[in-house]
Amino acid sequence: MQVWDAIQTKRAIREFRAESLKTAEVERILQAGRRSQSSKNSQPWHFIAVQDRNRLEKLAQLGAGMGHVAGAALCIVIVVPTQNERTLWHFFDSGQSAAYMQLAATEIGIGSCLGTIYQPDDARALLGIPAGYQTRLVISFGYPANKAAAEQALQAGGRRGFDEVVHWETW
């Protein structure tokens with residue numbers, strides 16, 4: 001699959017088959033995140049790869065609309081340094097690593113969905129995140145439970161038109 005094809009076909013997948021991912025697939029996804037670009041090559045992220053069912057279920061309770069995490073084969077929790085002068089860049093860079101991981105997963109037939117942690121202190125306790133670091137972003141991964149539903153979502157589109165979002169030279 002070409003990158004453009006992955007971009008065109010990537011959709012949020014919230015229901016996964018009850019099947020583990022292969023170790024090579026998990027490592028490929030994590031390598032994609034590790035290889036993403038970052039401001040001033042700071043690489044501020046750490047990734048916690050969660051596959052334990054009990055921990056996934058607990059993690060799913062830490063944000064609204066995160067039920068997809070409980071049924072995932074893998075959840076990657078992105079951790080960055082706590083509030084400082086580079087916090088905005090850390091979150092921007094985290095978003096890039098998330099996009100790289102999701103596109104890498106799409107390429108190999110693995111679905112994914114972003115989630116937001118609303119209870120960061122509980123996540124810290126659950127995952128053993130050290131002082132000086134924070135998390136707000138997770139990505140669930142797994143083989144799509146319903147390929148037909150994924151195809152239907154792809155056909156539905158849901159994106160604003162090119163001319164609605166692109167402005168040339170000025171607004």
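## Ser38, between α2 and β1

Ser38 sits in the loop that links α2 (23-35) to β1 (46-50). This is a predicted model, so read the distances below as computed values. Loop or not, Ser38 counts as buried, because its relative accessibility is 13% and the cut-off for buried is under 20%.

What does Ser38 touch once its neighbours within four places in sequence are set aside? The contacts are Gln43, Pro44, Trp45 and Asp93. There's also a link to the backbone: a polar atom of the Ser38 side chain lies 3.1 Å from the backbone nitrogen of Ser42.

## Ala98, in helix α5

Next up is Ala98, which belongs to helix α5 (residues 87-107). Is Ala98 buried or exposed? With a relative accessibility of 3%, Ala98 counts as buried.

Ignoring residues up to four places away in sequence, Ala98 is in touch with Ile78, Leu114, Leu137 and Ile139. Take Leu114 from that list: 16 residues separate it from Ala98 along the chain, and the C-alpha to C-alpha distance is 8.4 Å.

## Ile7 and a surface patch

Over to helix α1 (residues 3-9), where you'll find Ile7. Why does Ile7 count as partly exposed? Its relative accessibility is 40%, and partly exposed covers the range between under 20% (buried) and over 50% (exposed).

Ile7 has company at the surface, too: together with Val3 and Trp4 it forms a nonpolar patch. The three residues add up to about 340 Å² of accessible area.

Technical notes
Residues are numbered from 1 along each chain as its sequence is written. This is a predicted model: local features need pLDDT of at least 70, side-chain atom pairs count only at pLDDT 80 or more; totals for chains, interfaces and linings use all residues. Side-chain values use heavy atoms; hydrogens and water are left out. Patches are made of residues with over 30% relative accessible area and no salt bridge: like charges are joined within 9 Å, nonpolar side chains (Val, Leu, Ile, Met, Phe, Trp, Tyr) within 5 Å. Accessible areas come from the Shrake-Rupley method with a 1.4 Å probe; for residues, only the protein chains shown count as cover. A salt bridge is a side-chain nitrogen of Lys or Arg within 4 Å of a carboxyl oxygen of Asp or Glu. Helices (H or I, at least four residues) and strands (E, at least two) are DSSP runs, numbered from the N terminus. Buried means under 20% relative accessible area, exposed over 50%, partly exposed in between (1.4 Å probe, protein chains only). Contact means heavy atoms within 4.5 Å. A polar contact is a pair of N or O atoms within 3.5 Å; within protein, one must be able to donate a hydrogen and the other to accept it, and residues adjacent in sequence count only if both atoms are side-chain atoms.
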